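Me: I should like to study a protein structure by question and answer. Please show me the sequence and the model.

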Amino acid sequence: MKHLTSLKRFWVCLILTLPMLVQMVAMPWGWMMPGYNWVALVTTTLIIVVGAWPYWKSAWAAFLQHNANMNTLVAIGTAVAYFYSLFAMLTGREVYFESAAFITTFVLLGDAMEERMHQNANGALKKLLDLQVKEAEVLRDGNYVKVPLDQVVVGDLVRVRPGQKVPVDGVITSGVTTVDESMVTGESMPVQKGVGDPVIGSTINQAGTFQFEAQKVGADTMLSQIVELVKKAQTSHAPIQKLTDRIAQVFVPAVLIIAIVTFVVWFSWLKASAVSAMLFAVAVIVIACPCALGLATPTALMVGTGRAAKLGVLIKNGEALEAVNGIKTVVFDKTGTITVGKPQVTDVVGAKDTLAVAAALEDASEHPLALAIVQKAREAGLPVEPVTDFNNVAGEGVTARLAGQVIRVGSARLMAGLAYPAELQARERALQDEAKTVVLVARGDAVIGLLAIQDVPKPSSKHAIEELKARGLKTVMLTGDNQRVAQAIGDQVGIDQVIAGVLPNEKADHVRALEQGGPVAFVGDGINDAPALTSATVGIAMGSGTDVAIESGSIVLVQNDLNGVVRALDMSQKTFNRIKLNLFWALIYNLIGIPIAAGVFVALGLHLSPEVAALAMAFSSVSVVSSSLLLNRTRIAGVQRKV
């Protein structure tokens, strides 16, 4: 029977219970099925073999280890009803095979619901993998040819046409396009891509043919890693699960004692028949089966981590999910986390052609600031003119001739002796007060303009930090940059506290110091962030970061977007709150159900037979599973579309 799923066992057992169901319906009308006892014996025995045997086996294994588990109550309840009925049949008494049969069938109903949810979760992951294309157009011997996906290797040049899926992860080497990355990142808007931009396998190319160099293939692609991380998270255990297990270990023996007391009270004190007393005891055992208690944590964990993955948040394990619930402070690295991670031109001051003139010179330079200037000119649609007599003045800037005139781009030292208008000098000081690097542009014997350059905050940073502060969380920026630059960035995004001048090996120490005020989440993306990610209560790694940082983080954000931090905290907190709600209802259900099953309220007309108790227990499991599934519909900060 090992190959039968819980759902198949449920249907087999349900069909086998039909004769007993017919008899139960017909009995009030005075009809008795011929040979009913033998029919009930055969069908119930088959139900025990097909449906109840796994519970009996599990309970016996626990007993041999001097333990009790959630299957112990099911095994005892069905065994008592079955073997008593065998005895009753041999001695001419009334049989209760239907109790054992219906208990088994209804317990299987709860298990089948859980199994179906697992299948749906695994099916969703399988669908992600199925999204991978089977072939790729790869440059071989000067021509693009289609090859099976498993033949694509790192370094291959791959071509993708409009409407096709990107085969593997890589970086664009030629072409411009827009790509739909929603199935991986959760971002509904298409993303514009150009040379140097990364592309993710299985995302959809919407417009424009492009070529890219394969960098990750097979199990190393982001999609494969996402699936693997989600699988591990869904099979992990949150610390609260240990509490649940401890409760179950105490709860099961306590219920058995209550069942024995129930039998003794009804039989000895209330003078009920042995059969009636036994049925009360069996009802107590069955309704108290803590299946709902056992489902409370894993079902919510499975649904929560699955939905988080769709939103571009990879929660690696249940421990991280639970730890997020107590976070008091969120600490951010600056470069590449709060900021874009590369310098950008933020201000152009002076003559109209200041940017064009500077770009003409810097196009021949390899300085990081030069790349920012040229990029800004291209974004503005300005032509980059060729220059002559180019000269790089170490530590000061560059000079060249453009249209017959001497052009200088660099620091104030390079401009010594040139005319420098007072209004430009005032703007230089103001820009420097904003912690921006100022580059002067001169033509002939006069400074004509200024360019301010800064590693600017990401568009999402200010909003994300506002959202975190609105939740009562303290925000801190931890950076190795100087205090003036760090404070300027901190002021722009509204960070609560800026800690600057921190060496890489000191970041973990600062995180531990901040933890004196409560649990800390650290958000970073670089190799130097790995110790802090590991030291923090919860490490959140940016998906665009280094492999070392991603491995160190317990939560990974697929998008290079700080709104993902808000989504991660929101999804984790709502999943953990759902676990607590599930546990609450599972325990309340037992606190209410056990007294009713024990016959405490018989005088008020409240009474549960073992079969009805089993049905109630099954529906408690169904309610917990349904509660967990509602996480797929709960509102998450920053997510408007249905996921």
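Me: What percentage of the residues in the protein are buried?
Reply: This is a predicted model, in which local features need pLDDT of at least 70, side-chain atom pairs count only at pLDDT 80 or more, and totals for chains, interfaces and linings use all residues. Residues are numbered from 1 along each chain as its sequence is written, and side-chain values use heavy atoms, with hydrogens and water left out. A residue is buried at under 20% relative accessible area, exposed at over 50%, and partly exposed in between (1.4 Å probe, protein chains only). Of the 643 residues in the protein, the buried share is 51%.

Me: How many helices and strands does the protein have?
Reply: Both kinds of element are DSSP runs numbered from the N terminus: helices (H or I) have at least four residues, and strands (E) at least two. The protein comes to 21 helices and 22 strands.

Me: Which residues have the most contacts inside the largest nonpolar core?
Reply: A nonpolar core is a set of buried Ala, Val, Leu, Ile, Met, Phe, Trp, Tyr and Cys residues joined through side-chain atoms within 4.5 Å. The largest one has 60 residues. Helices supplying at least two residues each include H1 (6-26), H8 (274-287) and H20 (563-597). The residues with the most contacts inside this core are Met20, Phe97, Val255, Val284, Ile287 and Ile594.

Me: Which residues does Val255 touch, not counting residues up to four places away in sequence?
Reply: A contact means heavy atoms within 4.5 Å. With that sequence limit, Val255 touches Leu73, Val284, Ile285, Ala288 and Ile594.

Me: Why does the distance between the end C-alpha atoms of H8 agree with its 14 residues?
Reply: H8 is mostly covered, with 12 of its 14 residues buried. The expected span of a helix is 1.5 Å times one less than its number of residues. H8 should therefore span 20 Å, and its end C-alpha atoms are indeed apart by 20 Å.

Me: In what order do the 7 strands of the open sheet lie?
Reply: Two strands pair if DSSP finds at least two bridges between them. The pairing in this sheet is mixed. Its edge strands, E10 (313-315) and E19, each pair on one side only. The order is E10-E22-E21-E20-E11-E18-E19.

Me: Which residue in E22 stands opposite Val313?
Reply: E10 and E22 (residues 555-557) pair in the antiparallel sense over 3 bridges. The residue in E22 opposite Val313 is Leu557.
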